[in-house]
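Me: I should like a close look at a single part of this structure, taken residue by residue. Please give a connected account of one helix and its surroundings.

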Amino acid sequence: MDLTALLETLASPVIFIAPFLFVLTVVVFFHELGHFLVARWTGVDVKVFSIGFGPALVGFTDKYGTRWQISVVPLGGYVKFLGDENAASVTDHEAVAKMPADQKDRSFAHKPVGARAAIVVAGPLANFLLAIVIFTVVFAVFGRDVVSPRVDTVIAGSAAEEAGIIQGDLVRAIDGRAIESFADLQRTVGTSAGRPLDITIERGDQELVVNVTPRRQEITDRFGNTISIGILGVSRDTTGGDIVTRRYSPPEAAVLAVSETWFVIDQSLTYIYRVVRGTETTDQLGGPIRIAQISSQVASLGFLPMINFAALISVSIGLINLFPIPLLDGGHLVFFAIEAVRGKPLSDRVQEIGFRLGLAAIGVLMIFTVWNDIVR
C-alpha cells in the first residue's frame, strides 16, 4: 500500500464520523442548554452539564458549582440536577429525604410540578427553536433555489396520468398546503406513498383538484443509497433560466422557517402513525450508523447542506424526546401530568418499573434501528 492509499484508509473513519459528531454535538448541546437555562431560571441547582456519557475527558466547574464536561461516549448528553441519582434525572429519594431545608429549595424534586415540567419540556423546545433559527438564517442570508412546480413530462401509465394530470399543469397545493417549487412537490409526494393526495393544479385559466395516490418505488440516490419513496410519474425539465434564487426578509424567513419545522414534525408523525397502522414499512428507520452515513454524505456537499441537516436532526431529536416513554422527556411529562391530576406523585416503585420498561423499550428500538442500518 502506497502512502496516499494509507492516508486515505486512515482518514476514511474520521471523514465518516467527524460530521456526525459535529451535528450531534451541536444538537445535543442546545437540547441540554434548554434544560439548563430553565432550571437556573426556576432556581434549581445544576450539578453537571455533560456532552456525552461515561467518564469525563475534559471539563471545568463554573462559579455556580456546575461541572461542564465532555465525556467519553459522545452519543448524547445530560444535565444532572441537585437531588438526581443519575443522568436520566431519576430522583435519589434517600438523598432528597436527608437534604437540609436550604438545599431542598434548590433541588429539582422539591420544585412545583409546573416548574419541573417547564424544565423538562425546555429541551425539546430548544431543539425546535434551533431548527427555526437555522432555517431562518439560511432563508434570509442564502435564500433557496426555486423551480416552479410545472409539469413538463407525464410518464405513461403513471399515477399522474391515471389521475388526469397533463403536460403544462402547474401544481399550486397538495392537501391544502401551498407548493412553491418542484422540490416542494417532490418531497411531499415522496413521503406519501400509498396515501391519496388532493392536488390543486392550475391549467390555463382553470383551477382543478385531482386525487392522486403516489406509488411506492425504490430509487438510488447520488450516493448509491436505495430508498423507498412515493412517485407521481411527472418530471420537470430545467434550464438555467428556470432556477430562481429567492431570498426572504427576516420576518418572511422566520415564518417560512416555522412552516419548514412543522413540515418535518408533521411528516415524521405521519410516518410513525402509518407504521403503527401497518400501511408503511419500517425499513426507513435508521439508527446511529445511518445518521453517521448521511452526515458524511451531506457534509461532502458543503457546509450549508450540513447545517440544514443539523436542523432536521434537531427537529427529530426534539420530537423523539417528547414521546411518552419513561427515561425520555415525554415520559417525565406523563408522570408530571399524572401527579398534577392526582395531587401527589406516583409511588417510587411504580416510577422505577416505568423507567425499567422505558429503558427496555429504548434498548429494543436501538437494536432494531442498528440492525436496519447493518442490513441496509
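Reply: The account may begin with Lys 111, which, apart from residues up to four places away in sequence, touches Thr 42, Gly 43, Val 44, Asp 105 and Arg 116. The model is a predicted one. Lys 111 is placed in the loop between α3 (101–104) and α4. One of its partners, Val 44, is 67 residues away in sequence, yet the C-alpha atoms of the two residues are 8.0 Å apart in space. Another partner, Asp 105, offers its backbone oxygen, which the side chain of Lys 111 reaches at 2.9 Å. Lys 111 has a relative accessible area of 15%, and it therefore counts as buried, the cut-off being under 20%.

The loop leads to helix α4, which spans residues 113–142. Arg 116, in contact with Lys 111, is also among the α4 residues that meet helix α10. Helix α10 covers residues 329–342, and the axes of the two helices come within 10 Å and cross at roughly 160 degrees. Because angles over 145 degrees count as roughly antiparallel, α4 is roughly antiparallel to α10. The crossing in which α4 passes α10 is left-handed. On the α4 side, the contact is formed by Val 113, Arg 116, Ala 117, Val 120, Val 121 and Pro 124. On the α10 side, the participants are Asp 329, His 332, Leu 333, Phe 336, Glu 339 and Ala 340. By class, the residues of this contact comprise eight nonpolar, one polar and three charged.

Further along the chain, α4 also contains Thr 136. With neighbours within four places in sequence set aside, Thr 136 is in contact with Pro 250, Ala 253, Ala 254 and Ala 257. Its relative accessibility is 18%, so Thr 136 counts as buried.

Another helix pair may be set beside this one. Helix α8 (residues 288–299) and helix α9 (residues 303–321) pack with their axes 8 Å apart, at an angle of about 150 degrees. This angle makes α8 roughly antiparallel to α9. Here α8 passes α9 in a right-handed crossing, whereas the crossing of α4 with α10 is left-handed. Ile 291, Ile 294, Ser 295, Val 298 and Ala 299 of α8 meet Pro 305, Met 306, Phe 309 and Ile 313 of α9. The contact of α8 with α9 has eight nonpolar residues, one polar residue and no charged residues.

Definitions and conventions:
Residues numbered from 1 in each chain as written. Predicted model: local features only at pLDDT ≥ 70, side-chain atom pairs only at ≥ 80, totals over all residues. Heavy atoms only, no water. Axes fitted to C-alpha atoms, helices over the stretch in contact; angles between N-to-C directions. Helix = DSSP H or I, 4+ residues; strand = E, 2+ residues; numbered from the N terminus. Parallel < 35°, antiparallel > 145°, perpendicular 65-115°, else oblique. Left-handed = near helix turned anticlockwise from the far one by under 90°. Contact = heavy atoms within 4.5 Å. Nonpolar A, V, L, I, M, F, W, Y, C, P; charged D, E, K, R; others polar. Buried < 20%, exposed > 50% of the residue type's maximum accessible area, 1.4 Å probe, protein only. Polar contact = N/O pair within 3.5 Å; in protein donor to acceptor, adjacent residues only side chain to side chain.
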